[in-house]
Amino acid sequence: MARIFRALSNPNRLKIYLEILKKEEATLEASAGCHLFEAVRSLKIGSPTVSHHVRELVNADLITADREGKFLVCRINPRTKQLARTVFGG
């Protein structure tokens, strides 16, 4: 849990995570994932910073990130999502 809290303590990482979660829930198909570009379009941060934040989210097991062509597709890790729901009572 400490890894999760540390990863989500950064406002930009939290925004990225929540955007990926929102996009996944909007499609109702977790296997579809979210193109990273869509998730970070509204953030005013550069590509190297986004890459760093994604790496931190992956290291915390909050998301998975896979290359599909020239795009990075991110998916919420269902195990960690369930753990967070248990901890936060959701």
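Helix 4 is a good place to start in this predicted model. It covers residues 47–59, and at 1.5 Å a residue its 13 residues should span 18 Å. The end C-alpha atoms of helix 4 are 18 Å apart, so expectation and model agree.

Which residues of helix 4 are buried? They are Val50, His53, Val54 and Leu57. Those four cover an arc of only 100° around the axis, which puts them on the same side of the helix. The general rule behind that kind of pattern is simple: an α-helix has 3.6 residues a turn, so residues three or four places apart point the same way. As for what this buried side packs against, the list takes in helix 1 (2–8), helix 2 (11–27) and helix 3 (36–40), plus strand 2 (63–68) and strand 3 (71–76).

Histidine 53, sitting in helix 4, deserves its own look. Its relative accessible area is 5%, and because buried means under 20%, it counts as buried. Setting aside neighbours within four places in sequence, histidine 53 has contacts with Asn10, Asn12, Arg13, Ile16 and Ile45.

Now for the loops on either side of helix 4. Serine 42 belongs to the loop between helix 3 and helix 4, while aspartate 61 is in the loop between helix 4 and strand 2. Here is how these two compare with histidine 53:

| Residue | Relative accessibility | Class |
|---|---|---|
| Histidine 53 | 5% | buried |
| Aspartate 61 | 30% | partly exposed |
| Serine 42 | 55% | exposed |

Aspartate 61 has another quirk: just after helix 4, its phi is positive, at about 60°. That's worth flagging because most residues other than glycine have a negative phi. As for serine 42, it is 40 residues from glutamine 82 in sequence, and their C-alpha atoms are 27 Å apart in space.

On to the interior. The largest nonpolar core has 19 residues, and Ile20, Leu62 and Ile63 have the most contacts inside it. Two or more residues come from each of helix 1, helix 2, helix 3, helix 4 and strand 3. Helix 2 gives the most, with four residues.

What does isoleucine 63 touch, not counting residues up to four places away in sequence? Its contacts are Tyr17, Ile20, Val54, Leu57, Val58, Cys74, Arg75, Ile76 and Asn77. Val54 and Leu57 are familiar from above, as they are among the buried residues of helix 4. Ile20 has also come up already, being listed with Ile63 for the most contacts inside the core.

That leaves the sheet. It is open, with three strands in the order 1-3-2 and antiparallel pairing. Strand 1 (34–35) and strand 2 stand at the edges with a single partner strand each, so one side of each has no neighbour in the sheet. Strand 1 and strand 3 run antiparallel and are joined by two bridges. Across that pairing, cysteine 34 stands opposite cysteine 74 in strand 3.

Two helices pack on this sheet. Helix 2 touches strand 1, strand 2 and strand 3, and its direction makes about 80° with that of strand 3. Helix 4 touches strand 2 and strand 3, with its direction at about 125° to that of strand 2. And that brings us back to helix 4, whose buried residues pack against strand 2 and strand 3 as well as helix 1, helix 2 and helix 3.

How values were computed:
Residues numbered from 1 in each chain as written. Predicted model: local features only at pLDDT ≥ 70, side-chain atom pairs only at ≥ 80, totals over all residues. Heavy atoms only, no water. Expected span 1.5 Å × (residues − 1). Buried < 20%, exposed > 50% of the residue type's maximum accessible area, 1.4 Å probe, protein only. Arc of directions from axis to C-beta. Contact = heavy atoms within 4.5 Å. Core = buried A, V, L, I, M, F, W, Y, C linked by side-chain atoms within 4.5 Å. Pairing = 2+ DSSP bridges. Axes fitted to C-alpha atoms, helices over the stretch in contact; angles between N-to-C directions.
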